[in-house]
Amino acid sequence: FPPFAALFLVAYGRERFWLGRVASAGVLVVCFCVTLAPWTIRNTLLQRTFTTVDVMGGRNVMMGNYEYTLVDRPWATIAVDGDNAWYRVLGRKYDLHGKTQGQIDKLAIRYAVEYVQAHPGHTLERSASKLFDFWQLDRELVAGVQQGIWGEFNKPFTLCLAALIVGVYVLTMTAGIVGAWMRPLNAPLHIFLLLLIVFVTGLHSVAFGHSR
């Protein structure tokens, strides 16, 4: 997100002249890079390939964009096993022997990009599904209670828990929308808020549409 935040500062920064806004954006980018640099250097040396934060991004993109991605529950593709598992499919195309997790992650995102280019219509269908999955009400805790993960609970308790959890989500979302709508228009503030929402939603619509 920092590159987008930097562009936002250039466009809407409080400095009177554009050079000042560019300088502010530069400070943001430099501070971000300096903060991340030790961890990135450590990961790059360990994984033997440029790795900024972790080795999950590429495989998440692949799990959302390959032959056996689940259309109805794309976020559950991580549970696909056997010959259809993402790492088995990747291993049939590339030799993974001796590769670090970082190198495997790079191959995974390459596979996903090639699949997206070869199947644009299918990708749009899946992305639409992941978009709705991202914005769905989170039901994990309620589902865990129903499955007895934390012990046995009676139905009234489960119903109350569901109403409490889902109700708070709905209330928070509704209050946020009403608050943004009722507040006097502040273009930079509203644009930044929408930019952040679109950015995070877009990433999950491409890679991993789990409810957030």
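The following paragraphs describe the fold, the nonpolar core and selected residues of a predicted model.

The secondary structure of the chain consists of nine helices and zero strands. Followed along the sequence, these elements give the pattern α-α-α-α-α-α-α-α-α. The C-alpha trace spans about 60 × 55 × 35 Å along its principal axes. The radius of gyration of the chain is 21 Å, whereas a compact globule of 212 residues would have a value near 17 Å. Of the 212 residues in the chain, 31% are buried. When contacts between residues at least 6 apart in sequence are considered, 56% join residues that are at least 24 apart.

The accessible surface of the chain amounts to about 13900 Å², and carbon and sulfur atoms account for 70% of this area. The chain carries 19 positive and 14 negative charges, and the mean positions of these two sets are 8 Å apart.

Attention then turns to the interior. The largest nonpolar core comprises 16 residues, and those with the most contacts inside this core are Met62, Tyr66, Trp86, Leu90 and Tyr111. At least two residues of the core are supplied by each of helix H3 (57-63), helix H4 (86-93) and helix H5 (101-118). Helix H5 provides the largest share, with five residues. The surroundings of Trp86 illustrate the contacts made by one of these core residues. Once neighbours within four places in sequence are left aside, tryptophan 86 is in contact with Arg59, Met62, Met63, Tyr66, Ile104 and Ala108. Among these partners, Met62 and Tyr66 are also listed with the residues that have the most contacts inside the core.

Arginine 110 likewise lies in helix H5. With a relative accessible area of 45%, arginine 110 falls between the limits of 20% and 50% and is therefore classed as partly exposed. The C-alpha atom of arginine 110 is separated by 8.0 Å from that of glycine 58, although the two residues are 52 apart along the chain.

A buried position is found in helix H6 (residues 120-135), which contains threonine 123. The relative accessibility of threonine 123 is 10%, and this residue counts as buried because the value is under 20%. Apart from residues up to four places away in sequence, threonine 123 touches Asn65 and Val116.

Two further residues are exposed. Isoleucine 41 is located in helix H2. The relative accessibility of isoleucine 41 is 52%, which is over 50%, so this residue counts as exposed. The C-alpha atoms of isoleucine 41 and arginine 16 are separated by 37 Å, the two residues being 25 apart along the chain.

Arginine 48 occupies the loop between helix H2 (18-47) and H3. This arginine 48 is exposed, with a relative accessible area of 52%. The backbone of arginine 48 has a phi near 60 degrees, a positive value in a residue other than glycine. Most residues other than glycine have a negative phi.

Notes: Residues are numbered from 1 along each chain as its sequence is written. This is a predicted model: local features need pLDDT of at least 70, side-chain atom pairs count only at pLDDT 80 or more; totals for chains, interfaces and linings use all residues. Side-chain values use heavy atoms; hydrogens and water are left out. A nonpolar core is a set of buried Ala, Val, Leu, Ile, Met, Phe, Trp, Tyr and Cys residues joined through side-chain atoms within 4.5 Å. Buried means under 20% relative accessible area, exposed over 50%, partly exposed in between (1.4 Å probe, protein chains only). Helices (H or I, at least four residues) and strands (E, at least two) are DSSP runs, numbered from the N terminus. Contact means heavy atoms within 4.5 Å. The radius of gyration is taken over C-alpha atoms; the globule rule is 2.2 Å times the number of residues to the power 0.38. Accessible areas come from the Shrake-Rupley method with a 1.4 Å probe; for residues, only the protein chains shown count as cover. Lys and Arg count as positive and Asp and Glu as negative; His and the chain ends are not counted. The place of a charge is taken as NZ of Lys, CZ of Arg, CG of Asp or CD of Glu.
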